[in-house]
Amino acid sequence: QTSPAATVFPSGPSNLFYQSRLQRPTLDRAEGIYIWDREGNRWIDGSSGAMVANIGHSNPRVLAAMRAQMDRATFGYRLHFANEPAERLANLTASLMPEGLDRVFFVSGGSEAVESCLKLARQWAVATGQDSRWKVIARHPSYHGSTLGALAVTGYAPLSEPFAPMFTAMPKIPAPTCYLDRDNYTDAERGLRYAEMLREEILAQGPDSVLAFIMEPVGGASTGALVAPDSYYARIREICDEFGILLIYDEVMTGAGRTGRFLAAEHWGIRPDIVALSKGFAAGYAPLGAMVAARRLVEPVLDAGGFMHGYTYAGNPLACAAGLAVIREILDQDLTGNAGRMGALLKAEMTALMDRYPFVGDVRGKGLLLAFEMVADRETMTPLPREWNAHARLVEHAYARGLVVYSRRTRGGIEGDHILVCPPLIVTEPQIGEIMERLVASLDALAA
Ligand code: PMP
């Protein structure tokens, strides 16, 4: 019997045990927050995959909606036929966005959503006589996707370096890693200082050449749930407005309720010009994402001849039926509210880990987008030696104890080993207890 792993090759760094050293377990089935392999071992999906399975696995209502759609039609090419699930999902999505953001463009994943944001922004500039604008300022570290356009705005060297000659890297400003700063400013002041870096970068680049600024409202894979001080968000919006620059929120990870609001932008009352959604938007039931843009941007583009961009599978009826059922489930079960409540509980328990383990240097995040960072010294936030591979070792210990979490160590800005703990938004209080028990046992094993 040939294992499928023999021909399907993994992506990512090959020094991580769960990607190459051991054979990854083969998925058998998944339900709620649990996943089983073919040998019958069970794990808690403590990171919802890569912060995707927001409503949990095998939700019966979503599966029923998908089966019903499958019995009618699974595909109709979007340029030939409109389809009802796509229309309904677009309307429902628009109804959940800040005022004025009501034009929805479907894609099949997060990178495609980001690419779409960049290209819509550029076409808007051209359509409105602002041809000189093309630079999209981004942050470092950040993660916006794997395709070359998304990599151009991604501040994560291991992923972008090999491809550097193949795209034009966009300007980057530091992500607001205030927790690493040892100065006498208040958090509110730090937020403003980091925001000011955008203004300085715009001036350095030449305001007429800058098209947009893209940011993850709460950092995801690259920064481990990095939240900026409240003052940061409003000031960034003001600076964009001052120069007529579009503000793109990459809510691929934060969107669809993950942070305790449908969009993370709502925490600060921010109205971005364009939003990218994926991951929790279809919660793993279908490859689906969306760009939601302000009507004032889309109309000139359509009037000038159309948005010259699109993906064959995007907006297909099956994926949209899944997405529609997922969003309805989020609303009907108030999973956004649950993310806020369970997130507060989990964060408090994770914060208590700092009393027990001196190497837990920081706990951060919002809602159920939570992370902790492991360091050699909490006072100075000196990272653990890279060769220890502490983040991967912790993941390995957790795996062995029936808990899957998501780990990263970035280069630049943040050097620490961080672990994202982001269970599905359906998680209950007793299940948080189960997660914490396994996490503590894993940290004990790492400390031993
Ligand atoms: N943006 C953000 C913020 C992400 O977290 C991700 C995925 N980790 C992406 C974009 C890319 O999404 P995908 O992997 O679906 O292409």
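Okay, let's start with a helix on a sheet: helix α9, residues 230-243, lies across β7 and β8 (246-250), and α9 runs at about 145 degrees to β8. Before I go on, keep in mind that this is a predicted model.

So what does α9 lie on? β7 and β8 belong to an open sheet of 7 strands, and the order is β4-β10-β9-β8-β7-β5-β6. The pairing in that sheet is mixed. At the edges you'll find β4 (101-107) and β6 (172-174), and each of those pairs on one side only. From one strand to the next, the twist averages 25 degrees.

There's another helix on these strands. Helix α8, residues 187-205, lies across β5 (135-140), β6 and β7 (210-215). Its direction is at about 155 degrees to β6.

Now go over to the β4 edge. How many bridges join β4 to strand β10? There are 6, with β10 covering residues 289-294, and the two strands run antiparallel. If you want one pair to look for on screen, take Phe105, whose bridge partner in β10 is Met291.

Next, the other sheet I want to show you. Here 4 strands form an open sheet, in the order β1-β2-β3-β14, again with mixed pairing. Its edge strands are β1 (27-31) and β14 (403-404), each pairing on one side only. β1 and β2 (residues 34-37) run antiparallel, joined by 4 bridges. Across from Glu31 you'll see Tyr34 of β2, and across from Ala30 there's Ile35, also in β2. β1 and β2 make a hairpin with 2 residues between the strands, and in that hairpin Gly32 takes a positive phi near 60 degrees.

On to helices packing against helices. Take α3, residues 60-70, and α11, residues 317-332: their axes are 9 Å apart and the packing angle is about 155 degrees. Over 145 counts as roughly antiparallel, so that's what we call α3 relative to α11. The crossing of these two is right-handed. On the α3 side the contact uses Arg61, Val62, Ala65, Met66, Gln69 and Met70. On the α11 side, the contact residues include Pro317, Leu318, Ala321 and Glu329. And what kinds of residues are in the contact of α3 with α11? They divide into 11 nonpolar, 1 polar and 2 charged.

Then there's a second pair, α13 (residues 390-400) and α14 (residues 429-447), which pack at about 130 degrees with axes 8 Å apart. That angle makes α13 and α14 oblique to each other, therefore we don't use the antiparallel label here. α13 passes α14 in a right-handed crossing. From α13, the contact takes Ala390, Arg393, Leu394, His397 and Ala398, and from α14 it takes Arg438, Leu439, Ser442, Ala445 and Leu446. By type, the residues of this contact are 6 nonpolar, 2 polar and 2 charged.

Last stop, the ligand. Which residues come nearest to the ligand? Of the 16 around it, those are Gly109, Gly110, Ser111, Gly145 and Val252. Helix α5, residues 110-127, gives the most to this shell, with 3 residues. The shell as a whole divides into 6 nonpolar, 8 polar and 2 charged.

That's my tour, thanks for listening!

Key:
Residues are numbered from 1 along each chain as its sequence is written. This is a predicted model: local features need pLDDT of at least 70, side-chain atom pairs count only at pLDDT 80 or more; totals for chains, interfaces and linings use all residues. Axes are lines fitted to C-alpha atoms, for helices over the stretch in contact, and angles run from 0 to 180 degrees between N-to-C directions. Angles under 35 degrees count as roughly parallel, over 145 as roughly antiparallel, 65 to 115 as roughly perpendicular and the rest as oblique. A crossing is left-handed if the near helix is turned anticlockwise from the far one by less than a right angle, and right-handed if clockwise. Two residues are in contact if their C-beta atoms, placed from the backbone, lie within 7 Å. Ala, Val, Leu, Ile, Met, Phe, Trp, Tyr, Cys and Pro count as nonpolar, Asp, Glu, Lys and Arg as charged, and the others, Gly among them, as polar. A residue is near a molecule or strand if its C-beta atom, placed from the backbone, lies within 6 Å of it. Two strands pair if DSSP finds at least two bridges between them.
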